[in-house]
Amino acid sequence: MHANLARVQQLLIFTRLQTSSCAFAVALLSGVALSTVLPQLPVARYDLLLVYGLLLTLVFRLRGWESGRDVLVIAVCHAIGLAFELVKVSLGSWSYPEPAVFKFAGVPLYGGFLYAAVGSYVCRAWQLMDLELIRYRPRATTALAVAIYVNFFSHHWLPDLRWLLAALLVAVTGGTSVRFSVGQARYRMPLALSFALIGFFLWLAENIATYLGAWRYPHQLHGWQPVALEKFGSWALLISVTFVIVAATRGRRGPGRPRMDASKDAVRR
């Protein structure tokens with residue numbers, strides 16, 4: 001009975017930490033949802049969302065929820081995301097059908113905040129859960145993350161290597177695990193599994209975002225339909241790009257509490 005209660009308590013703490021880590025993403029999606037019920041305004045919805053994203057970033061920084069380093073990481077994720085959007089939209093992979101002043105080559109500037117939100121999640125989870133990487137191979141993992149990012153563009157003209165890259169990513173991260181804190185306990189998870197889990201929840205978030213009209217895939221232009229399940233795999237690969245960016249700024253331990261004494265460190269697999 002006591003063991004079951006302890007597990008429930010751990011689950012509740014883990015849920016709270018994950019919710020706090022997702023604060024930026026939840027706030028951003030809430031803003032997108034609210035924008036769908038606003039009355040007709042002289043300002044385009046995409047432009048309002050750009051201002052909203054900038055204000056969110058400012059609030060999180062002023063409240064101390066994100067450090068200056070975190071904001072820099074988020075800005076990098078925003079820029080990388082915009083570059084990704086520019087190429088994909090130009091190739092017709094998806095579109096932003098609504099008008100906007102701050103829109104370039106079919107991509108509203110607010111679109112980068114969708115990737116910034118992912119960067120914010122990784123940064124906050126790293127701090128709040130005191131992440132520690134075990135047997136992490138930074139050079140090989142970074143090289144593969146770059147190759148994965150490039151393949152999302154190049155597969156339109158060259159053979160699609162995503163399955164090969166996925167296999168290589170699993171091989172390179174084999175033996176690499178992430179240790180994290182939930183309350184006073186330490187847990188361990190394979191890095192590849194964390195990529196898969198985050199990818200799944202990003203796929204769910206993408207379904208919500210497209211339902212709210214944040215952007216549209218070609219099959220959704222005449223009415224919303226679920227995002228293809230294959231996008232789950234795409235997100236599981238793409239999260240590696242954000243991860244290596246954050247890892248490069250954090251080192252192997254986050255800035256959270258100091259390492260617990262080994263005799264008290266209950267590591268669970």
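How many salt bridges does the structure hold? There are six, counting a side-chain nitrogen of Lys or Arg within 4 Å of a carboxyl oxygen of Asp or Glu. Keep in mind that this is a predicted model, where local features need pLDDT of at least 70, side-chain atom pairs count only at pLDDT 80 or more, and totals for chains, interfaces and linings use all residues. Residues are numbered from 1 along each chain as its sequence is written, and side-chain values use heavy atoms, with hydrogens and water left out.

Let's start with R186. Its side chain meets E132 in a salt bridge at 3.2 Å, N to O. That pair links strand β5, home of R186, to E132 in strand β3, 54 residues apart; strands here are DSSP runs of E, at least two residues, and helices are runs of H or I, at least four, numbered from the N terminus. R186 also forms a salt bridge with D130, at 3.5 Å between the closest N and O atoms. D130 sits in the loop between α5 (113-128) and β3 (132-134), so this pair ties together parts 56 residues apart in sequence. Both D130 and R186 are buried, meaning under 20% relative accessible area with a 1.4 Å probe, protein chains only (exposed is over 50%, partly exposed in between). D130, E132, R179 and R186 are linked in a salt-bridge network.

Now for the cysteines. The structure holds zero disulfides, a disulfide being a pair of cysteine sulfur atoms within 2.5 Å. For C77, the nearest cysteine sulfur, that of C123, is 7.0 Å away. C77 counts as buried because its relative accessibility is 4%.
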